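Okay, thanks for coming, everyone. I'll put the structure up now and walk you through a few parts of it.

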Amino acid sequence: VYCGSGHGDLPAYADAAWKFGELLAERDITLIFGGGHVGLMGAVADATLEAGGRVEGVIPQSLVERELAHPSANEMHVVQSMHDRKALMAQLSDAFVALPGGIGTLDELFEIWTWRQIGLHSKPIGVLNIKDYWTPLLNMADNMDGHGFLHRNARDMIVSDQDGAKLLEELLA
């Protein structure tokens, strides 16, 4: 799961992150996340743990030094850089879901999407489109497709839903 280290401006973001964490635990799906205890990252991890699920964080040493690592994760992988974080998260994960976040979340989503487009993996990618947070990005991808800069098959690699359970079902299918 890629998501923000902040909570955003709407309570719905944290609520959805919490519900998604519970859903992962209910489905016995291990959460692989950025390793932080703050923002939506912390919410999805806390919910997964509280519901009895397994949580693995991947965090750069520089963020550990800033005391941002989640203290209750079942396993914490400490890496040297953000690049190392993205690579290890990609290796450990069977699918990718982006919740609302900032440029770090976009960076993670774009890199994993690019890797799929060029054939480095075939794992499913989804966005939890809470309160239409991702709609402008999806519209931009449609625009890129319409102008010949993104092939439709690459656009279709991103699954989107406003409901976490439905999104998870689409990714599992």
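So, helix α4, residues 82-92, lies across β1, β2 and β3, and runs at about 155° to β2. Before I go further, keep in mind that what you see here is a predicted model.

Now the sheet under that helix. The three strands are in the order β1-β2-β3, the pairing is parallel, and the sheet is open. At the edges you have β1, at 31-33, and β3, at 75-79, and each of those pairs on one side only. From one strand to the next, the twist averages 15°.

How is β2 joined to β1 and β3? With β1, β2 pairs in the parallel sense over three bridges, and if you look for F33, you'll find it opposite G57 in β2. On the other side, β2, residues 55-60, is joined to β3 by five bridges, and these two strands also run parallel. One pair to click on there is E56, whose bridge partner in β3 is E75.

Is β2 buried or exposed? Six of its six residues are buried, so β2 is largely enclosed by the rest of the structure. The side chains split two ways: V55, G57 and I59 point one way, while E56, V58 and P60 point the other way, and all are buried. For anyone new to these numbers, buried here means under 20% relative accessible area.

Next, a helix pair. The axes of α1, residues 11-26, and α2, residues 39-50, come within 7 Å and cross at roughly 35°. That crossing is right-handed. Which residues make the contact? From α1 they include Y13, A17, W18, F20 and L24, and from α2 they include L40, A43, V44 and A47. You'll also find some acidic residues in there, among them E22 of α1 and D46 and E50 of α2. By class, this contact of α1 with α2 has eleven nonpolar, two polar and three charged residues.

Let's move along the chain to another sheet. This one is open too, with three strands in the order β4-β5-β6 and parallel pairing. β4, at 96-98, and β6, at 158-161, stand at the edges with a single partner strand each, so one side of each has no neighbour in the sheet. The twist here averages 25° from one strand to the next.

Between β4 and β5, the parallel pairing runs over three bridges, and the bridge partner of A98 in β5 is V127. Helix α5, residues 103-117, packs on this sheet and touches β4, β5 and β6, with its direction making about 150° with that of β5.

Last stop: N129. Where does N129 sit? You'll find it in the loop between β5, which covers 125-128, and α6, which covers 135-146. N129 is buried, with a relative accessible area of 5%. Its side chain makes a polar contact with the side chain of T135, at 3.0 Å. Setting aside neighbours within four places in sequence, N129 is in contact with W134, T135, L138, S160, D161 and Q162.

That's my tour. Happy to rotate the view if anyone wants another look.

How values were computed: Residues numbered from 1 in each chain as written. Predicted model: local features only at pLDDT ≥ 70, side-chain atom pairs only at ≥ 80, totals over all residues. Heavy atoms only, no water. Pairing = 2+ DSSP bridges. Helix = DSSP H or I, 4+ residues; strand = E, 2+ residues; numbered from the N terminus. Axes fitted to C-alpha atoms, helices over the stretch in contact; angles between N-to-C directions. Contact = heavy atoms within 4.5 Å. Left-handed = near helix turned anticlockwise from the far one by under 90°. Nonpolar A, V, L, I, M, F, W, Y, C, P; charged D, E, K, R; others polar. Buried < 20%, exposed > 50% of the residue type's maximum accessible area, 1.4 Å probe, protein only. Polar contact = N/O pair within 3.5 Å; in protein donor to acceptor, adjacent residues only side chain to side chain.
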